Amino acid sequence: QLLTAAPWGSAALSAGQQQQQQLEALHKIPLVVGTPVWLASKYAALLPLAGMDPHRPNVDAAARCLREFAARRRLLAGLAASAAMQQQQQQQKPAVMQHPEFMLPFLIYLLAHHPDMPEVDPEQEPDVATLHSFNLMLQLGMETLLVPQLPAAGGARSTAAAGASGSLGGLGVSLPMLLKILQSIKATEDKEQNEARRNQVRAICDMAA
């Protein structure tokens, strides 16, 4: 319901003020303090769908919100790791759920179940032109997760942010984790137990990789 109601998921909506207002409302949800981690990741996964929005300011706004979401998640994960180290005197990496990378399974699911997602033949190369809009949406989400987050200057918060980037963030460390997540998704059975849907999920994972 959220997917089809989004302004970039329906051709019936214009690219005017209504589109911008809906996008701004969606931006706020993942950043609300106290929102459960899994729920924030779910809503954040909707933001890359703006990648195919013809109105460039909407694409830029979605990208800004995704960067803010990723930075905040990495900061909170760094704080949690620091607290665990102080209490147990050993380094413990935060669960993946605490990191922005947890958004990826939701994004893959949304794209594979998108009403415009064409059927995919696993024996043939996918049609690049047909999947172009999906590539744009996927690229917006992946760029956020792959671009390193630079720590803020000074203080414990910057130390925590650096710890988060060192544990599961930044280009050098995040890429192996993202590839592992994609491999796990490809090996997972879709709840619908539909072979065509499974091929669509695998095609999106291959595009992301």
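This dialogue goes through burial, salt bridges, an aromatic pair and the nonpolar core in a predicted model.

Q: What should I know about the numbering and the model?
A: Residues are numbered from 1 along each chain as its sequence is written, and side-chain values use heavy atoms, with hydrogens and water left out. The model is predicted: local features need pLDDT of at least 70 and side-chain atom pairs count only at pLDDT 80 or more, while totals for chains, interfaces and linings use all residues.

Q: Which residues of helix α3 are buried?
A: Buried means under 20% relative accessible area, exposed over 50%, and partly exposed in between, with a 1.4 Å probe and protein chains only. Helices are DSSP runs of H or I with at least four residues, strands are runs of E with at least two, and both are numbered from the N terminus. In α3, residues 37–44, the buried ones are A40, S41, Y43 and A44. Viewed down the axis of α3, these buried residues fall within an arc of 165°, so they line one face of the helix. The arc is taken from the directions from the helix axis to the C-beta atoms.

Q: How many residues of α5 are buried?
A: Seven of the ten residues in α5 (residues 103–112) are buried, and the helix is mostly covered. The buried residues are M103, L104, L107, I108, L110, L111 and A112.

Q: How many salt bridges are there?
A: A salt bridge is a side-chain nitrogen of Lys or Arg within 4 Å of a carboxyl oxygen of Asp or Glu. The count here is five salt bridges. One of them joins the side chains of R56 and D60, at 3.1 Å from N to O. Another joins E68 and R72, at 3.7 Å from N to O. R198 also forms one with E195, with the closest N and O atoms 3.2 Å apart.

Q: Where do the partners lie along their helices?
A: An α-helix has 3.6 residues a turn, so residues three or four places apart point the same way. R56 and D60 are four residues apart in α4 (residues 56–88), about one turn of the helix. E68 and R72 also both lie in α4, four residues apart. R198 and E195 are three residues apart in α9 (residues 195–208), and therefore about one helical turn separates them.

Q: Is R198 buried or exposed?
A: R198 counts as buried because its relative accessibility is 19%. Its partner E195 is partly exposed, with a relative accessible area of 43%. In α4, R56 counts as exposed at 53% relative accessibility, and D60 as partly exposed at 30%.

Q: How many aromatic pairs are there?
A: Rings of Phe, Tyr and Trp (its six-membered ring) pair if their centres lie within 6.5 Å; planes under 30 degrees apart count as stacked, over 60 as edge-to-face and the rest as tilted. The count is one aromatic pair. The ring centres of F102 and F106 are 5.5 Å apart and the planes stand at 85°, so the pair is edge-to-face.

Q: Which residues of the largest nonpolar core touch the most other members?
A: A nonpolar core is a set of buried Ala, Val, Leu, Ile, Met, Phe, Trp, Tyr and Cys residues joined through side-chain atoms within 4.5 Å. The largest has 38 residues, of which M103, L104, I108, L111, F134, L138 and I204 touch the most other members. α5 gives the most to this core, with seven residues.
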